[in-house]
Structures are given as structure tokens and as C-alpha cells.
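This report concerns the disulfide pairing of the structure shown below and the accessibility of the cysteines involved.

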Amino acid sequence: MAWKLTPLVLLLAWVVATCSAKDSTDLLNVCMDAKHHKTKPGPEDKLHDQCIPWRKKACCSVSTSQELHKDTSALYNFDWEHCGRMEPVCKRHFIQDNCLYECSPNLGPWIQQANESWRKERILNVPLCKEDCELWWEDCRTSSTCKSNWHKGWDWTSGINKCPATATCRTFESYFPTPTALCEGIWSNSYKVSNYSRGSGRCIQMWFDPAHGNPNEEVAKFYAANIKVAAVSAGAVFLWTQPLLLSLAQMLLLWLSV
């Protein structure tokens with residue numbers, strides 16, 4: 001009989017999963033559960049170079065920020081120049097991308113569980129300001145790579161990422177024909193290119209002047225509030241349909257007892 005209860009258990013589990021949601025404040029000022037992140041954001045007065053904007057409230061340590069600026073850092077043994085020299089203006093965008101990923105406490109609304117050996121959480125569809133994406137693509141289009149998704153598919157036999165045997169080094173523009181192809185494809189949809197501009201309060205900036213505050217805090221609050229509204233709406237729908245669900249559960253129990 002125990003096996004017959006499985007559909008009912010699955011139904012109840014689905015109801016709980018659908019109707020439960022974090023409070024919006026749980027999505028603010030948080031660090032994801034990943035390889036080099038701190039458990040909680042806090043001040044790091046000596047963050048290095050391009051990571052400085054997050055020094056007042058950072059999810060990264062000083063040593064992590066220093067490693068992020070190396071061509072092949074000890075953090076992930078990832079070589080930016082796997083297809084020869086990368087233009088410095090292009091490399092700055094990747095360093096900035098990594099500073100945002102490792103240091104920002106404002107990515108909570110987009111943190112998802114990750115089934116990966118090196119991290120338990122990742123970011124997905126972070127709304128990246130369109131200018132940040134366009135400039136990233138423009139500055140990197142003449143540098144070279146051999147892959148359109150840098151999350152997977154590398155040859156790691158040497159301990160450092162190498163191009164797969166079947167891959168060919170070509171310009172970024174060949175692998176990423178548009179800014180959207182670059183920003184959304186290179187890290188498996190970590191980013192979603194936004195129609196909003198920097199300073200709009202509706203998209204995440206990869207860099208900002210800390211002297212004028214952190215604009216990404218407002219963005220995180222906006223999206224966290226929207227998630228809360230959606231959760232409340234889902235809860236209202238559940239309350240309205242609860243009698244129907246209970247009737248279905250009772251019918252299922254009757255069916256299982258036959």
C-alpha cells in the first residue's frame with residue numbers, strides 16, 4: 001500500500017513547493033553558496049582595483065579580489081588567453097564580470113540552486129544593463145576564443161582550461177554575433193540583457209562609482225518586491241483553489257483504497 005501513496009505525497013509536495021516563498025528581505029544583502037563566496041556580506045576596505053566598488057559590503061575577500069585580476073588565477077585555473085593574447089580593454093570586462101559575481105551582495109533575486117560540484121548556487125537571468133553588454137561585446141569582438149559557452153566543454157587535462165581538440169580559435173564576433181549572444185550565452189544564461197539603461201533602477205550595473213552609492217541595491221529591492229507580490233498572488237490562488245485540491249486528494253485516496 002505504501003507505494004500507492006506516492007502520487008498523493010507528490011501532489012502535496014507540489015502544493016507546498018508552489019505556495020512557499022521567501023520573504024523579499026531574504027533576497028537582499030546575501031551571498032550565494034559558491035566556491036569562494038563569504039557566507040555573509042561585510043566590509044572589505046582593501047578590495048583590489050576593479051572590485052573596489054563593493055568594499056563597503058562585499059561577498060568576496062581581499063585575496064579573492066586580487067586573484068580575479070590575474071590572467072590565470074588560482075581561483076578556477078581559468079585562462080582568459082586560451083586563444084592567444086586578449087586585448088586589455090576586453091579583459092577588463094571579464095574582470096569586472098567576475099568582481100560582480102564574486103563580490104556583489106545584490107544578486108539575491110536571481111540566485112538559484114546549482115547541481116554542480118564546485119557550487120551549490122548560481123545566478124540566472126540577472127538583468128544586465130544594455131550598455132554594459134553592448135560595450136563588453138564591442139571591446140571584445142576582435143579578441144579570440146574557441147567556444148560560445150565558457151561554463152563547460154573545456155579540456156582540463158593540463159589542469160588549466162584548453163580548447164577542445166575539435167574547436168577552432170576565431171574572433172569573439174564569430175562565436176558571438178551580437179551583444180546578446182555574448183552576455184547571455186557565455187555563462188549559461190547567468191545574465192539576461194535588459195532593455196533598461198544604467199541608472200534606471202531596473203538593471204544591474206557591472207560597475208559603478210562607489211562615491212555615489214551602489215545603484216544595484218535599488219535594483220535588487222525592486223525585483224525582490226516583485227517576487228514577493230508574485231508569491232502573495234500565488235498564495236491567494238492556492239486559497240481559492242484549496243477546496244478543489246482537497247476534493248482531488250480525497251478522490252485519490254478513495255481510488256488508492258480500491
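Cysteine 163 is buried (under 20% relative accessible area; exposed is over 50%, partly exposed in between; 1.4 Å probe, protein chains only), with a relative accessible area of 18%. Its partner in a disulfide is cysteine 146, which is also buried, at 3%. A disulfide here is a pair of cysteine sulfur atoms within 2.5 Å, and the structure holds eight disulfides.

The model is predicted: local features need pLDDT of at least 70, side-chain atom pairs count only at pLDDT 80 or more, and totals for chains, interfaces and linings use all residues. Residues are numbered from 1 along each chain as its sequence is written, and side-chain values use heavy atoms, without hydrogens and water.

Three of the disulfides are listed here.

| Disulfide | S to S | Torsion about S-S |
|---|---|---|
| cysteine 51 and cysteine 99 | 2.0 Å | about -80° |
| cysteine 83 and cysteine 169 | 2.0 Å | -80° |
| cysteine 146 and cysteine 163 | 2.1 Å | -100° |

The torsion of about -80° makes the link of cysteine 51 and cysteine 99 left-handed. This pair joins distant parts of the chain, 48 residues apart: cysteine 51 lies in the loop between α1 (6–19) and α2 (62–67), and cysteine 99 in helix α3 (residues 88–103). Helices (H or I, at least four residues) and strands (E, at least two) are DSSP runs, numbered from the N terminus. Cysteine 51 is buried at 0% relative accessibility, and cysteine 99 is buried at 0%.

The link of cysteine 83 and cysteine 169 is left-handed. Cysteine 83 is buried at 15%, whereas cysteine 169 is partly exposed at 40%.
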